[in-house]
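Student: Got a minute to go through this model with me? I'd like to start with one of the helices.

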Amino acid sequence: MEKKNGKEFGLLLFGLGMLFGGLVLFFLRIEVSSRPLLWGLFGSGARLSGLIFIPFIFGLVLMVMFSKSIWPRILTGLGVLFIVLSVISTMDFYYRGSMFETIMYIIMIFLGGALCLKILIIDDPNRGKGGGL
């Protein structure tokens, strides 16, 4: 029984190494840049870098005034969501890699993840049920 647990642990470490190694190599090939904060919701190219904070600030003020109400919290949460979405919408991602590298990274990521899931979830359906150590 101990040999099987040692083998499973070794396979789990190997799968985690493949998964995280593939992710690190993949993310090293991605270049992220940013452009000026433009939000196309109110017309083409309206500059809203300061206006995007209005729901957040208004929600904070209302939260202080009406601390027991849920609506100021919802407005503040929406303000935070708008800020995060506006930052994400200004990012451009460029991938600098060959097709061979891409295929190798995908194989490492998904085979490593599948091996980890097999060891942790699928391999032994009786794991954790009764029985002690």
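Tutor: Sure. This is a predicted model. Take helix H3, residues 71–89. Its 19 residues reach 26 Å from the first C-alpha to the last, close to the 27 Å expected at 1.5 Å a residue.

Student: Which residues of H3 are buried?

Tutor: Pro72, Thr76, Gly79, Ile83 and Ser86. Seen down the axis of H3, these buried residues fall within an arc of 90°, so they line one face of the helix.

Student: And H4, what does that one reach from its first C-alpha to its last?

Tutor: H4 covers residues 99–122, 24 in number, and reaches 32 Å. The expected value at 1.5 Å a residue is 34 Å, so to speak close to what the model has.

Student: Which H4 residues are buried?

Tutor: Thr102, Tyr105, Ile109, Gly112, Gly113, Leu115, Cys116 and Ile119.

Student: Where does Met104 sit? Buried or exposed?

Tutor: Met104 is in helix H4. Its relative accessible area is 34%; buried needs under 20% and exposed over 50%, so Met104 counts as partly exposed.

Student: How many residues separate Met104 from Leu25 along the chain, and what is the C-alpha separation?

Tutor: They are 79 residues apart in the chain. Their C-alpha atoms are separated by 9.8 Å.

Student: Zooming out. What order do the elements run in?

Tutor: From the N terminus, α-β-β-β-α-α-β-α. That is four helices and four strands.

Student: What share of the contacts comes from residues 24 or more positions apart?

Tutor: 71% of the contacts with a separation of 6 or more.

Student: And burial for the whole chain, what percentage?

Tutor: 19% of the 133 residues count as buried. The accessible surface is about 10000 Å², and carbon and sulfur atoms hold 75% of that.

Student: Switching to aromatics. Which residues cluster?

Tutor: Phe26, Phe27 and Tyr95 form one aromatic cluster. The count of aromatic pairs is two.

Student: Now confidence. Where is it lowest, and where highest?

Tutor: Lowest in strand E3, residues 46–47, at a mean pLDDT of 47. Highest in helix H2, residues 54–65, at 92. The chain averages 81, and 78% of the residues score at least 70.

Student: Where does pLDDT stay under 50?

Tutor: Over residues 42–47. The model has six contacts beyond four places in sequence for that stretch. Where pLDDT is low, the predicted coordinates should not be read in detail.

Methods. Residues numbered from 1 in each chain as written. Predicted model: local features only at pLDDT ≥ 70, side-chain atom pairs only at ≥ 80, totals over all residues. Heavy atoms only, no water. Helix = DSSP H or I, 4+ residues; strand = E, 2+ residues; numbered from the N terminus. Buried < 20%, exposed > 50% of the residue type's maximum accessible area, 1.4 Å probe, protein only. Arc of directions from axis to C-beta. Contact = heavy atoms within 4.5 Å. Areas by Shrake-Rupley, 256 points an atom, 1.4 Å probe, with all protein chains shown as cover. Phe/Tyr/Trp six-rings, centres within 6.5 Å; stacked < 30°, edge-to-face > 60°. pLDDT = per-residue confidence, 0-100.
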